[in-house]
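Hi there,

Here is the structure I promised to pass on to you. Have a look at it first, and then read my notes underneath.

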Amino acid sequence: MESPKNAPRPDQATTRPRAIGKFWWFALGLLLVLPVMALSRLAETIDWTILAGAPLVVSFVTFLTFRHDKRRAQSGGWRVSEGTLHFMGLAGGWPGALLAQRRYRHKSSKFTFQAVFWLVVLLHQFVALDYLLHWAFLGGVLHVIRTHTG
């Protein structure tokens, strides 16, 4: 008897969610320092409930989307595209994506996915740091572009 094209691999069928290790909680805490500092500075002009709530909601929805995709992978169902998962991380859901990858062992060993995911995380770190430095880098880049396009 032939198995369906999208049937789960035998090792996938028994995969259970696992606890997220202390290392990853610590790493997440460190990775959130700059974004939280940047958001707290924005609180001077934007309501803090929006500043705190929006990233939490996006992260939670991203976490659930990774969980859904893992379940679909195990059952051979229609999958969420990697582009969608990356977009959700870029939109601010990278903390939820990080936790879901560790909890569900989903997309955590695929090199190309991990490369793009960590670039997204680094981009968030860079933007937060540059904002805290009053746009020292991006402001300089824009100044150079404006002076050369005149």
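Below is what turned up, starting with the core. Please keep in mind that this is a predicted model.

The largest nonpolar core has 16 residues, and Phe66, Trp94 and Phe117 touch the most other members. Four helices each supply at least two residues of this core: α2 (22–42), α3 (48–75), α4 (82–104) and α5 (111–132). The largest share, seven residues, comes from α4. As background, nonpolar side chains tend to be buried together in soluble globular proteins.

Trp94 is a good residue to click on. Leaving aside neighbours within four places in sequence, Trp94 is in contact with ten residues you can look up, namely Leu28, Leu31, Leu32, Pro35, Met88, Gly89, Phe117, Val121, His124 and Gln125.

Next, try viewing α2 and α4 together. Their axes come within 11 Å and cross at roughly 170°. Because of that angle, α2 counts as roughly antiparallel to α4. On the α2 side, the contact is made by Trp24, Trp25, Leu28, Leu31, Leu32 and Pro35, while α4 brings Trp94, Pro95, Leu98, Leu99 and Arg102. Sorted by type, these residues are ten nonpolar, no polar and one charged.

Finally, is Asp69 buried or exposed? This residue of helix α3 has 0% relative accessibility, so Asp69 counts as buried. Its side chain makes a polar contact with the side chain of Arg79, at 2.8 Å. Beyond four places in sequence, the contacts of Asp69 are Arg79, Val80, Leu85, His106 and Lys107.

Enjoy exploring!

Best wishes

Terms used: Residues are numbered from 1 along each chain as its sequence is written. This is a predicted model: local features need pLDDT of at least 70, side-chain atom pairs count only at pLDDT 80 or more; totals for chains, interfaces and linings use all residues. Side-chain values use heavy atoms; hydrogens and water are left out. A nonpolar core is a set of buried Ala, Val, Leu, Ile, Met, Phe, Trp, Tyr and Cys residues joined through side-chain atoms within 4.5 Å. Buried means under 20% relative accessible area, exposed over 50%, partly exposed in between (1.4 Å probe, protein chains only). Contact means heavy atoms within 4.5 Å. A polar contact is a pair of N or O atoms within 3.5 Å; within protein, one must be able to donate a hydrogen and the other to accept it, and residues adjacent in sequence count only if both atoms are side-chain atoms. Axes are lines fitted to C-alpha atoms, for helices over the stretch in contact, and angles run from 0 to 180 degrees between N-to-C directions. Angles under 35 degrees count as roughly parallel, over 145 as roughly antiparallel, 65 to 115 as roughly perpendicular and the rest as oblique. Ala, Val, Leu, Ile, Met, Phe, Trp, Tyr, Cys and Pro count as nonpolar, Asp, Glu, Lys and Arg as charged, and the others, Gly among them, as polar.
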